Amino acid sequence: MALIFDSLRYRFFLAMSVLLLVAVTSLVLIAHHLAIPALLAEEEVYATAELDRAMRAIGNELGHLSLLNKDWAIWDDSYAFLTGEAGDYLESNVADGLVFEDADLSLLVFLETDGSPHWIAGIDPANQRYTSCPGPTEACTWTAPVLESLQGRIANGLSDETRLWLHAHPQPGLVSVWPIVRSNGAGPAVGWLLMMRPMDTAWLGRVREGFGLALAVEAIASDAPAPRQEIAREGSQTLIALRRVPAAPPGHALELRVELPRHAFRARLDDLRLTLYWVVGLVVLVVVLVLLERMILSPLRQLATFTQHVQQRGDIDPPRSLLQRRDEIGVLARKFQQLLERQRCQTSSLIELSQHDALTGLGNRRLFDHRLEEAIDIANLSGRSVVRLMVDIDHFKAYNDRYGHPAGDKCLKTVAAAMGQHFSLPQQLVARTGGEEFMIILPDTSLEAGSRQAETLRRAIEALALPHAASTASSVITISIGVARYFPGQARDIEGLTRAVDDALYAAKQGGRNRVRREAG
Ligand SMILES: Nc1nc2c(ncn2[C@@H]2O[C@H](COP(=O)(O)OP(=O)(O)OP(=O)(O)O)[C@@H](O)[C@H]2O)c(=O)[nH]1
């Protein structure tokens, strides 16, 4: 299980899944708790504004009715009808009922100044029949609620505010009252004229045409515990805005109902969705890029930088931060480090092999040449001399011939080991530069000191007492040593030093072997 979670692939997929889950959840939460409520609130403001417009339309209609009412009330014929001087007023103007159709009226009420009815005429909403009576009796009882309402207002004193109102019973309608006076304004009012215009289908049609409002009006009981205004939604297409407005008689009210299309809401919702998708999509993209950078690209760059540095300097390791990772990049870095270590090991083995003699383990000529150059450079800098010894085993061919080649090898190893022990300081070097020929570098050593050490070595080899019955120099293995030195300022190069030590060895051999000879002078 731990391995699965260490995997870069699974961690990346897990991070992506969590990210998508968070993105979708945020999208849903933002939409449902912020964006959509804001749009709904905006839609309610729109619905309220439309209801206000409906109220202004009703106010407008009341104004028109009031003008018509005023025309009739200050008409001398109406005045004469109230004073009893126009006997044919009803027959001429009202009795045929056409006035109700032409002026969209449902009721005309003529009152005396004290509020008692003079004449009532109208269209009964229950059966659409024309009725005309001297009071709210018989066929005109349906007018009683309007009459009572009017009489109550007259009793309380009619003003500009109270002479226009909405009526709910027996039918929803607009009501206007004017005092009946002479057209020239002379004399007091002789009564009141009420006009009622029904808020019926025809009237609602005119409102729809004039104001572009899909308005409906319904009479309701005003004591119902309903809010003054209510917004309801019918699916995604239609919004229903309801408003309760006061209307006479007491205990009644009118409910205005405006049907509104929701296309603005739907368009805003589409815009909002698109914006949210873009925002969330961009946020997801940015987070994915950051995750990619942190989880994959940045460590890969580190690894690439490391490999470039390895090309320049082979002795460095991958960054610790990469080695400690438990994912695929960590595995790659650790494998890389293992390969590097193996390569370094192989390289150092190759270097070791290329600079050492396989038989004796001493340095070979390549190492000797390199170390001699170094020693001479150091001597030139320090001003101290370097001594070079050339060692050759005496009569070694005869030894081989006598004891056999394997014994000769063994002898070479023994002599080499002894020389290695003898000159074991770090700056000193013993190298096998030929079959039975050895070179020794003794830095910071004078010719005398070098000669003494050579003599000590010679004795030490002799003291090994390796039998050599075929030697004419001794009964045991012996060596001859040539000694030469290099010192700064000396007009001698490496070749000159080589000649000098070679000559010294030659002199030792010529002198009878088993001896040390140093360069002349
Ligand atoms: N066993 C053995 N013999 C070797 C090896 N390398 C060289 N030799 C032998 O060393 C001998 C060197 O002989 P020479 O150069 O003639 O010299 P020498 O016999 O030592 O005589 P002087 O140097 O004059 O005392 C040769 O017989 C080589 O075959 C080796 O690795 N093993």
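Mentor: Ala, Val, Leu, Ile, Met, Phe, Trp, Tyr, Cys and Pro count here as nonpolar, Asp, Glu, Lys and Arg as charged, and the others, Gly among them, as polar. Please also keep in mind that this is a predicted model.

Trainee: With those classes, how many residues of each are in the shell around the ligand?

Mentor: The shell holds seven charged residues, along with five polar and five nonpolar ones.

Trainee: And which residues come nearest to the ligand?

Mentor: Of the 17 residues around the ligand, those are D394, F396, K397, G408 and G435. Two or more shell residues are given by each of β11 (386-393), α12 (396-403) and α13 (405-422).

Trainee: Turning to the sheet, in what order do the strands run?

Mentor: The order is β12-β13-β11-β14-β15, five strands in an open sheet with mixed pairing. At the edges are β12 (429-432) and β15 (516-518), each paired on one side only. From one strand to the next, the twist averages 20°.

Trainee: In which sense do β14 and β15 pair, parallel or antiparallel?

Mentor: Strand β14, residues 479-486, pairs with β15 in the parallel sense, over three bridges. As one example, I481 has V516 in β15 as its bridge partner.

Trainee: What does helix α11 touch on the sheet?

Mentor: Helix α11, residues 365-382, packs on the sheet and touches β11, β12, β13 (437-442) and β14. Its direction makes about 150° with that of β12.

Trainee: Which strands does α13 touch?

Mentor: Helix α13 also packs on the sheet, in contact with β11, β12 and β13. The angle between the directions of α13 and β12 is about 165°. Recall that α13 also gives residues to the ligand shell.

Note on methods. Residues numbered from 1 in each chain as written. Predicted model: local features only at pLDDT ≥ 70, side-chain atom pairs only at ≥ 80, totals over all residues. Near = placed C-beta within 6 Å. Helix = DSSP H or I, 4+ residues; strand = E, 2+ residues; numbered from the N terminus. Pairing = 2+ DSSP bridges. Axes fitted to C-alpha atoms, helices over the stretch in contact; angles between N-to-C directions. Contact = placed C-beta atoms within 7 Å.
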